[in-house]
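Below are some notes on the model you sent, set out as numbered points. Please read them alongside the structure.

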Amino acid sequence: MDKAGARREEILERLEAEGGVTPESVARIALETGVPEADVWGAGRFYSLIREPGRRVRVCTGLSCRLAGATHRIEELERSGEPREEVSCIGQCDRAPAALDPDLELIPGTGTASSVLPDDPALPVNLGGADPAGYEALAKAQAAGPESVLGIIEASGLQGRGGAGFPAHVKWRAVAGQAERSRYVVCNADEGEPGTFKDREIMERRPHLLLEGLAVAAATIAASEIIIYIRGEFRDAKRSLETALKEAAGHLEPFDIRFANGHGAYICGEETALLESLEGKRGMPRLKPPFPTENGFRGKPTLIHNVETAACVPFIIHHGGERFRDLGRTGAGTKLYCVSGHVNRPGVYELPLGVALDELVETAGGYTGSPMAFSPGGASSGFLPMSLRGLPLDFRSLDREGSMLGSAGVVVLNDTVDLVAAADWQTRFFDDESCGQCAPCRIGARFLRNACGRFRTDGDPDALLHVEDVGWEMEEGSICGLGMVAAKPLTSAMKHFPDAFRRQR
Ligand SMILES: Cc1cc2nc3c(=O)[nH]c(=O)nc-3n(C[C@H](O)[C@H](O)[C@H](O)COP(=O)(O)O)c2cc1C
Ligand code: SF4
């Protein structure tokens, strides 16, 4: 148990600042914060950037980087003897094959700027536009008052862009209606789904838009503190936000805005794992209910939003909810789609919610090679065949096919790809990133990894006999979304591409 007045929330930042988990750093931090040594040790070891902070190149092994030659890059580094580590995904799929230097800066030569659409003020986020610091939407929202703003957000039909597509106004009202007066706004900027890099682009290109959206939310639900939990590897994005925060100081005076660094754990993108991490603990998801809107950061009502969700808010306040809603095709508003893999211009494209794959890829310069499969929403969405290319990329249509839009990290695979290998890479990702808290996910993810690995080695389909059953158990019995989708890459590949999984030898 912590000593009275123990400062647990500090321990992760301090461990990172002290160069990671060592007997000395743990003893010192435990003494100074009042958190037991075992807890400091246990929490710190959970996070890859704290556990293994050493000086080495981090090579991304996410799907898009693998497609672009990450394996070759790893072999080259191996030959050169340079210290290196293979990491799950670094959120640079448009610059594949990507790697970070020992200071977590992108290694030059792994691509330059992500492609975005040119300036168009009709787009709510408009990545290609200027990023004015006038904060007029905030002033307008403050003048209109909370009830009016809640009505506008409801009319907009804005759904969360972090993956679940939950209606924003429901969460805003839930927090606003709590009797507890101490409330928080938390921005989920931990973007870690392989294939997804839109939040990074918003933070780099439109930091004021994001800050303004968060401020409108805080003013509406009467929260004075805003915490931006930002992925530890996003150095440029954080610098951009820090500069914007200084520029906007006059407008943002009523709010206490601070950053918390992610420390290299994909699961901390899950909102309750994120809250645990903010509180200085291992990032293990909480059982829900209670939901964060009632019992969030420090047990207080907390509004958690994805970067893109918050960035849509200023446009909605400026132009009204209906204008935003009508921009969508099969759902409300525009959507930032990330496109990588076998396309000519990987990037982030803001298009009506519900476009189909061909239209999206046309915007991204067209396919390279002959397309065979696509993953519409990151690793969590599995693989779909090109026969489903006409589906609207929205929150409902993909669900009906057993897939999901998730965070809209669209990855295209052409017919040069070994789909069994691709399913294997994604399956390993989930096994590596499971927090290990609940048995179906912990044991199931390892089982799937071993099964797929055995099939790749032996070519014997018997290795895959129980994959469906295990996948079902995981979906039904896991605490959080990671375990619920971890079987998708393998089960969807087996379903849609059965030939790839027939006896090989
Ligand atoms: C395994 C897992 C990873 C997630 N990663 C992210 C993430 O990186 N960024 C994000 O905004 N939401 C992520 N989410 C969704 C969040 O839990 C949460 O729904 C979201 O932050 C709420 O914001 P929104 O309503 O604006 O979408 C993740 C969920 C799961 C289950
Ligand atoms: S489903 Fe997996 S990641 Fe989620 S809580 Fe359970 S073990 Fe952790």
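1. Where does UniProt place the feature "transmembrane region"? The unreviewed entry puts it at residues 209–230. In this predicted model, that span is 59% helix and 27% strand, and its end C-alpha atoms lie 16 Å apart.

2. Helix 11 covers residues 207–221. Its packing partner considered here is helix 14, with the two axes 7 Å apart and at an angle of about 80°. With 65 to 115 degrees counted as roughly perpendicular, helix 11 and helix 14 are therefore roughly perpendicular to each other.

3. On the helix 11 side of this contact are Leu-209, Leu-210, Glu-212, Gly-213, Leu-214, Val-216 and Ala-217. They meet residues of helix 14, namely Val-307, Ala-310, Ala-311, Cys-312, Val-313, Pro-314 and Ile-317. By class, the contact has twelve nonpolar residues, one polar and one charged.

4. Helix 14, residues 307–319, also lies across strand 4 and strand 7. With strand 7 it makes an angle of about 95°.

5. Those two strands belong to an open sheet of four strands, in the order 6-5-4-7, with parallel pairing. Strand 6 (256–261) and strand 7 (302–306) are at the edges; each has a single partner strand, so one side of each lacks a neighbour in the sheet. On average, and ignoring direction, neighbouring strands are turned by 20° against each other.

6. Strand 4, residues 184–189, is joined to strand 7 by five bridges, and the two run parallel. One of the paired positions is Val-186, whose bridge partner in strand 7 is Ile-304.

7. Strand 7 also takes part in the surroundings of ligand 1. The shell there holds 22 residues, the closest being Gly-160, Gly-162, Gly-269, Asn-306 and Gly-481. Strand 7 and helix 21 are the elements that give two or more residues to this shell, and strand 7 gives the most, with three. The classes are six nonpolar, ten polar and six charged.

8. Around ligand 2 there are 14 residues, with Cys-435, Cys-441, Ser-478, Cys-480 and Gly-483 the closest. Two or more residues come from each of helix 19 (439–458) and helix 21 (481–485). Eight residues of this shell are nonpolar, five polar and one charged.

9. Which element should be looked at for both ligands? Helix 21 gives two or more residues to the shell around ligand 1 and also to the shell around ligand 2.

Note on methods
Residues numbered from 1 in each chain as written. Chains lettered and ligands numbered in written order. Predicted model: local features only at pLDDT ≥ 70, side-chain atom pairs only at ≥ 80, totals over all residues. Pairing = 2+ DSSP bridges. Axes fitted to C-alpha atoms, helices over the stretch in contact; angles between N-to-C directions. Contact = placed C-beta atoms within 7 Å. UniProt positions renumbered as here; feature names shortened; annotations may be inferred. Near = placed C-beta within 6 Å. Nonpolar A, V, L, I, M, F, W, Y, C, P; charged D, E, K, R; others polar. Parallel < 35°, antiparallel > 145°, perpendicular 65-115°, else oblique.
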